[in-house]
Amino acid sequence: MPNCSFCGKPVEKGQGKIFVLNTGKILYFDKSKCEKNMLKLKRNPYKLKWTKFHEKGKVVKEKT
């Protein structure tokens, strides 16, 4: 089961959309919200709090 290229959530079989770029790269989207944010609005998933990529991009500072 592939994950959404924008938010990182799993895409259920038979659901969502597949978008193929001219370069041959395949993008999977679970909802139109993700598709619009990535393709039309050109937003970075690392800057949006509701994506899983935002959590991975955080730098945890240790208290000394």
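**Entry 1: F19**

I looked up F19 to learn how far it is covered. F19 counts as partly exposed, because its relative accessibility is 32% and the range for that class lies between 20% and 50%. I note here that the model is a predicted one. I located F19 in strand 1, which covers residues 17-20.

I then listed the contacts of F19, leaving out residues up to four places away in sequence. F19 touches K25, I26, L27, F29 and L39. For one of these partners, L39, I also noted the separation: 20 residues in sequence and 9.8 Å in space, C-alpha to C-alpha.

**Entry 2: I18 and the surface patch**

I turned to I18, which is also placed in strand 1. Is I18 buried or exposed? I recorded it as exposed, because its relative accessible area is 59% and the cut-off for exposed is over 50%.

I18 belongs to a nonpolar patch on the surface, formed with V20 and I26. Together, I18, V20 and I26 have about 290 Å² of accessible area. I26 had already appeared in my notes as a contact of F19.

**Entry 3: The nonpolar core**

I next asked which residues make up the largest nonpolar core. I found eight residues in it: C4, F6, C7, V11, L27, F29, C34 and L48. As a general remark, nonpolar side chains in soluble globular proteins tend to be buried together. Two members of this core, L27 and F29, are among the residues that F19 touches.

I followed C7 further, again setting aside residues up to four places away in sequence. C7 touches D30, C34, W50, T51, K52 and F53. Of these, C34 is itself listed in the core.

**Entry 4: T51**

The contact with C7 led me to T51, which I found in the loop between helix 1 (32-40) and helix 2 (52-57). T51 is buried, because its relative accessible area is 1% and the cut-off for buried is under 20%.

The side chain of T51 reaches the backbone oxygen of L48 at 3.0 Å. Beyond four places in sequence, T51 touches F6, C7 and P45. I noted that F6, C7 and L48 are listed in the core.

**Entry 5: The whole chain**

Last, I recorded the overall figures. The protein chain has two helices and two strands, and their order along the sequence is β-β-α-α. The chain has 64 residues, of which 23% count as buried. It exposes about 5500 Å², with carbon and sulfur atoms supplying 53% of that area. Among contacts between residues at least 6 apart in sequence, 35% join residues at least 24 apart.

Note on methods: Residues numbered from 1 in each chain as written. Predicted model: local features only at pLDDT ≥ 70, side-chain atom pairs only at ≥ 80, totals over all residues. Heavy atoms only, no water. Core = buried A, V, L, I, M, F, W, Y, C linked by side-chain atoms within 4.5 Å. Buried < 20%, exposed > 50% of the residue type's maximum accessible area, 1.4 Å probe, protein only. Contact = heavy atoms within 4.5 Å. Helix = DSSP H or I, 4+ residues; strand = E, 2+ residues; numbered from the N terminus. Areas by Shrake-Rupley, 256 points an atom, 1.4 Å probe, with all protein chains shown as cover. Polar contact = N/O pair within 3.5 Å; in protein donor to acceptor, adjacent residues only side chain to side chain. Patch = residues over 30% accessible without salt bridge, like charges linked within 9 Å, V, L, I, M, F, W, Y side chains within 5 Å. Salt bridge = Lys/Arg side-chain N within 4 Å of Asp/Glu carboxyl O.
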